[in-house]
Amino acid sequence: MLYALCYDFRMRIKLTVAYDGTDYCGWQVQPNGITIQEKLNQAVSDLFGTGIQTIGASRTDSGVHALGNVAVFDAETRMPASKVAFALNERLPRDIVIQKSEEVPADFHPRFAKTNKVYEYRILNRTFPDPLLSRYTYFFHRKLDEGLMDEEAQALAGEHDFTSFASIKSQTNTFVRTIHEIRVTRDAHDVITIHVEGNGFLYNQVRIIAGSLILVGSGQREPGFIKKALEKKDREASGPTAPPEGLTLVRIDY
């Protein structure tokens with residue numbers, strides 16, 4: 001008696017995605033503009049010859065960049081998962097590049113798994129802008145005290161209710177988040193970097209933190225402003241939302 005042998009070549013593939021978000025309307029597919037996810041879906045569908053929708057880990061806003069956002073999709077293929085990155089990069093525009101592709105368990109979900117996310121907000125703080133940095137930094141000409149900004153930022157470390165540092169458009173059951181590390185440094189090229197690591201972030205949280213620290217660093221608010229704003233649990237108590245071009249999602253650790 002002959003028995004039919006059945007092989008299941010279906011796998012869930014995880015992508016680590018880097019992109020320059022300047023010319024895109026954010027990550028998530030939408031009807032009114034070109035997005036990162038739209039381009040990624042097109043490339044994946046073209047590669048495997050069928051309509052495939054990716055699932056992203058972080059829905060970055062218009063103009064925001066990433067070095068290590070994460071997306072997954074399911075496909076039936078004999079291609080080794082590690083080779084998918086090469087094939088997709090041939091189909092993607094130059095400002096979207098897959099850094100790594102790998103097989104993950106079928107039940108892995110990039111948004112629901114426990115993570116540590118790392119963001120950096122960069123500010124070019126000098127008299128004149130640098131055209132080579134204009135797409136990836138927020139230019140601010142008034143002198144900033146990065147040491148004071150770093151001191152103020154430490155009030156945000158730990159578990160807190162971050163209502164004051166979340167957009168009023170945030171859709172969430174809780175505003176409580178944990179920031180594991182936050183620091184502010186300046187390099188030799190006068191780029192100030194606000195480095196933030198946490199278990200998750202609210203809508204516009206990092207950009208509001210940046211806007212608030214800029215107020216203190218430029219002398220527009222007195223020291224202690226960040227701590228007081230945090231305690232008030234009121235969006236009106238903190239600073240403005242800093243522009244998107246300074247923000248980069250550095251990586252997501254699972």
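A residue counts as buried when its relative accessible area is under 20%, and Asn 204, at 16% relative accessibility, is therefore buried in this predicted model. Asn 204 belongs to the loop that runs between strand 9 (191-198) and helix 4 (205-217), and its backbone deserves attention, since its phi is near 70°, a positive value in a residue other than glycine. Most residues other than glycine have a negative phi.

A second residue with this backbone feature is Lys 233, whose phi is near 55°, again a positive value in a residue other than glycine. Lys 233 is likewise placed in a loop, here the one between helix 5 (225-232) and strand 10. Its relative accessible area is 45%, and because values between 20% and 50% fall in the intermediate class, Lys 233 is described as partly exposed, whereas Asn 204 counts as buried.

From the backbone we turn to the aromatic rings, for which the count comes to 5 aromatic pairs. Among them is the pair of Phe 48 and Phe 73, which is tilted, with 5.7 Å from centre to centre and 50° between the planes. This pair links distant parts of the chain, for Phe 48 is in helix 1 (residues 36-48) and Phe 73 is in strand 3 (residues 65-76), 25 residues apart. Both Phe 48 and Phe 73 are buried.

Another of the pairs is made by Phe 108 and Tyr 254, whose rings are 5.1 Å apart from centre to centre with 65° between the planes, and because an angle over 60 degrees is the criterion, the arrangement is edge-to-face. Here too distant parts of the chain are linked: Phe 108 is found in the loop between strand 4 (96-104) and strand 5 (116-124), while Tyr 254 is in the segment after strand 10 (247-253), 146 residues apart. How do the two partners stand with respect to burial, buried or partly exposed? Phe 108 has 14% relative accessibility and so counts as buried, but Tyr 254, at 36% relative accessibility, counts as partly exposed.

Aromatic rings also take part in contacts with charged side chains. The charged end of Arg 111 is positioned over the ring of Phe 112, at 5.9 Å from the ring centre. In a further case, Arg 221 lies over the face of Phe 225, and the distance to the ring centre is 5.6 Å.

Notes: Residues are numbered from 1 along each chain as its sequence is written. This is a predicted model: local features need pLDDT of at least 70, side-chain atom pairs count only at pLDDT 80 or more; totals for chains, interfaces and linings use all residues. Side-chain values use heavy atoms; hydrogens and water are left out. Rings of Phe, Tyr and Trp (its six-membered ring) pair if their centres lie within 6.5 Å; planes under 30 degrees apart count as stacked, over 60 as edge-to-face and the rest as tilted. Helices (H or I, at least four residues) and strands (E, at least two) are DSSP runs, numbered from the N terminus. Buried means under 20% relative accessible area, exposed over 50%, partly exposed in between (1.4 Å probe, protein chains only). A charge sits over a ring if NZ of Lys or CZ of Arg is within 6 Å of the ring centre and within 35 degrees of the ring normal.
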